[in-house]
2 protein chains.
Amino acid sequence: MTLQQLRFLSALFESDFNITAAAAKLGATQPAVSRQLALLERELGFTLFSRNGSAYSRVTPAGERVIEYARRVLREAQNIKDVSAEINDPRRGELRIGATHTEARYALPSVIQQFQASFPSVRFSLHQGTPEQIAEMARSNRIQLVMATDSDRLFSQFVRLPCYRWHGRILVAASHPLAGTTRPSVEQLSTYAIAEHLLEAPDASPLQEVFTRAGFEARVALTAQDAEIIKTYVRLGHGVGIIADAAVDAERDADLVSIDASHLFPAHTTWVGFMRGSVLRQYIYEFLSMLAPHLNGERVARAHSCATQAEIDTLFPVRGEDVISP
Amino acid sequence: MTLQQLRFLSALFESDFNITAAAAKLGATQPAVSRQLALLERELGFTLFSRNGSAYSRVTPAGERVIEYARRVLREAQNIKDVSAEINDPRRGELRIGATHTEARYALPSVIQQFQASFPSVRFSLHQGTPEQIAEMARSNRIQLVMATDSDRLFSQFVRLPCYRWHGRILVAASHPLAGTTRPSVEQLSTYAIAEHLLEAPDASPLQEVFTRAGFEARVALTAQDAEIIKTYVRLGHGVGIIADAAVDAERDADLVSIDASHLFPAHTTWVGFMRGSVLRQYIYEFLSMLAPHLNGERVARAHSCATQAEIDTLFPVRGEDVISP
DNA sequence: TACAGTTACGGACCGCGTAAGCATA
DNA sequence: TATGCTTACGCGGTCCGTAACTGTA
């Protein structure tokens, strides 16, 4: 068993069991990958993938376990390389972030700009995807930081730090009946079609829950990860939009009316995280402190050494809509 | 960076920085180890060990971090081998246990006998040591299971399962003034020299605490890991011994009087554990259920998947002196 | 025929052990 | 002089890429 074999194994898994693609990803030739995987299977004594004729089709139950541990091996090996890079040149490296749509679109751009000015030799990349996708990217070491809102469930192997909290805002066209109101009720909202800014799985919508509890039903006519789609819909006068307050741009959305909805919906927490046990380069600490002032080096380091998420949560208490920065 | 280099690195660390010894331990020659470590240092770009002339003396701070991650790599790689062994021959393998003196001496022998009868092809070995020593053995993968009493502090990276609970017993010679008493008080005890069965660090003695709280001082004249030493001392009539109840043998200690002391001292918990995230062979599950009936496969598997020790503790509630087996 | 994976072959490289060299007590 | 690590050297294995082969849609 060699690290190379485990790299091939992991790459094959991440390339939909296509050896040719996996080989290309690692800058190797296809026979090399094929041979090393055959050798690994022979050494382990059982098949890792089931063959569908000549093509590999899917992983066996045993293979799944092996891949899980293989990835752990590779992550720990990457940690060694990170320690080395940090010592040799702390200001040079890579920062790969995975984020869901809203964070990538509204929260990150200004921070990224600031970060790149401070660390011109750090190659920055941003990978937008669903929470499932970015969790998988982190597991395969393709990204170091993850940013998402809620969906904690998917990130149990992560150290999660609260970044900021926010409320939904109601967005309507200027001509809409609700345009002049403040503090609209659930009953009022329930008479209109709703365009909702999707956070996680559609079935886990906190919006539906709020309506149900008040004895009404939400008529959700549109859901989208991209708040701009919601705005377009609202501009057409088709109903009421509900989006993150960060997604409301005072200038470009001047034709729309946005109404505070903090009395209706619970606050969301946008957090940033990394895989438990992974090495954090110094510039990652810097990035986090740029992202939110309360994520300073000392507190992040303390969170990093916590064994459980519960301990971390006590380090970052929440008051009302804000994470408290002592 | 290769797995072999990490193995050499880890072995050197565990051989007191003696390359010759490390090479012998791994069945390699000394130049091979020397060269691979030099290559690794060159690849990483910094020294891992500080040289004291020609000999290696100690690890650098950076080296310490690298070793930490190198060991993790090796543990995860071992997990892959364990998965493989389990699939190829579930009844063949190794079971290496680290235990402190009392467990190795009194609790384990009968279980080991039973286990070896059921699994003749599993090579069993038992390694007795201080809690510090066995924790270090587990970190370097030399043992898979750990058994100890209290000293939780040293085993934060472990999954700990309560095995059984026990009280200290007072042991005196038949001619001793306390021989006829039941429920002796702290005041009575404080007039005699005490020989204490040592559990963890001498400064963390719960005995001293009990005495202090009652307003007395314990005159501890002897401490020992081996309860037999305490018995010898008591036989000489030199004072009062306090040992684990498991260490009292009805037949062989018939010349001594043992007195229940559960009213005086808090119960101790003897636990068994393994490193978090390690693969457990099927026969390890069997061993655990032989060790204590409440450690059945289903519950151990559940504990294994817990992320925190606190979760595990709720799986094994305690009532009085016993771990509850539902 | 196109596609995906395996087998065959020759070359480069790499890691090992033996043996000699070098520094420190 | 003994100990412990490093360098030199030659061998054997191993890994790789190119190329040819096999099996499947």
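## Domain contact and DNA surface

The C-alpha centres of domain 1 of chain A and domain 2 of chain A lie 30 Å apart. Five residues of domain 1 of chain A and eight residues of domain 2 of chain A make up the contact. Keep in mind that this is a predicted model. Here is a quick tour of that contact, followed by the protein around DNA strand D.

**Where domain 1 meets domain 2 in chain A**

- The two domains bury about 530 Å² between them, with 34% of it on carbon and sulfur atoms.
- On the domain 1 side, E14(A), R71(A) and R75(A) supply 80% of the buried area, more than any other three residues.
- One salt bridge crosses this interface; R71(A) and E136(A) form a salt bridge through their side chains, at 2.4 Å from N to O.
- Two residue pairs are in polar contact across the interface.
- α1 and α4 (61–88) of chain A each give two or more residues to the domain 1 side, and α4(A) gives the most, with three residues.
- That side has two nonpolar, no polar and three charged residues.

**Around DNA strand D**

- DNA strand D is surrounded by 23 residues, and the closest are T29(A), R35(A), Q30(B), S34(B) and S54(B).
- Of the strand's atoms within 4 Å of the protein, sugar and phosphate account for 56%.
- By class, this surface has ten nonpolar, ten polar and three charged residues, and α3(A) brings its largest share, five residues.

**Phosphate contacts of DNA strand D**

- From chain A, a polar side-chain atom of Q36(A) lies 3.1 Å from a phosphate oxygen.
- From chain B, the backbone takes part: a polar backbone atom of I19(B) is 3.1 Å from a phosphate oxygen, and a backbone N or O atom of F17(B) lies 3.5 Å from one.

Definitions and conventions
Residues are numbered from 1 along each chain as its sequence is written. Chains are lettered from A and ligands numbered from 1 in the order in which they are written. This is a predicted model: local features need pLDDT of at least 70, side-chain atom pairs count only at pLDDT 80 or more; totals for chains, interfaces and linings use all residues. Side-chain values use heavy atoms; hydrogens and water are left out. A residue is near a molecule or strand if one of its heavy atoms lies within 4 Å of it. A polar contact is a pair of N or O atoms within 3.5 Å; within protein, one must be able to donate a hydrogen and the other to accept it, and residues adjacent in sequence count only if both atoms are side-chain atoms. Helices (H or I, at least four residues) and strands (E, at least two) are DSSP runs, numbered from the N terminus. Ala, Val, Leu, Ile, Met, Phe, Trp, Tyr, Cys and Pro count as nonpolar, Asp, Glu, Lys and Arg as charged, and the others, Gly among them, as polar. Domain bounds come from an automatic or database domain assignment. Contact means heavy atoms within 4.5 Å. Buried area is the accessible area (1.4 Å probe) that two parts lose on being put together, summed over both. A salt bridge is a side-chain nitrogen of Lys or Arg within 4 Å of a carboxyl oxygen of Asp or Glu.
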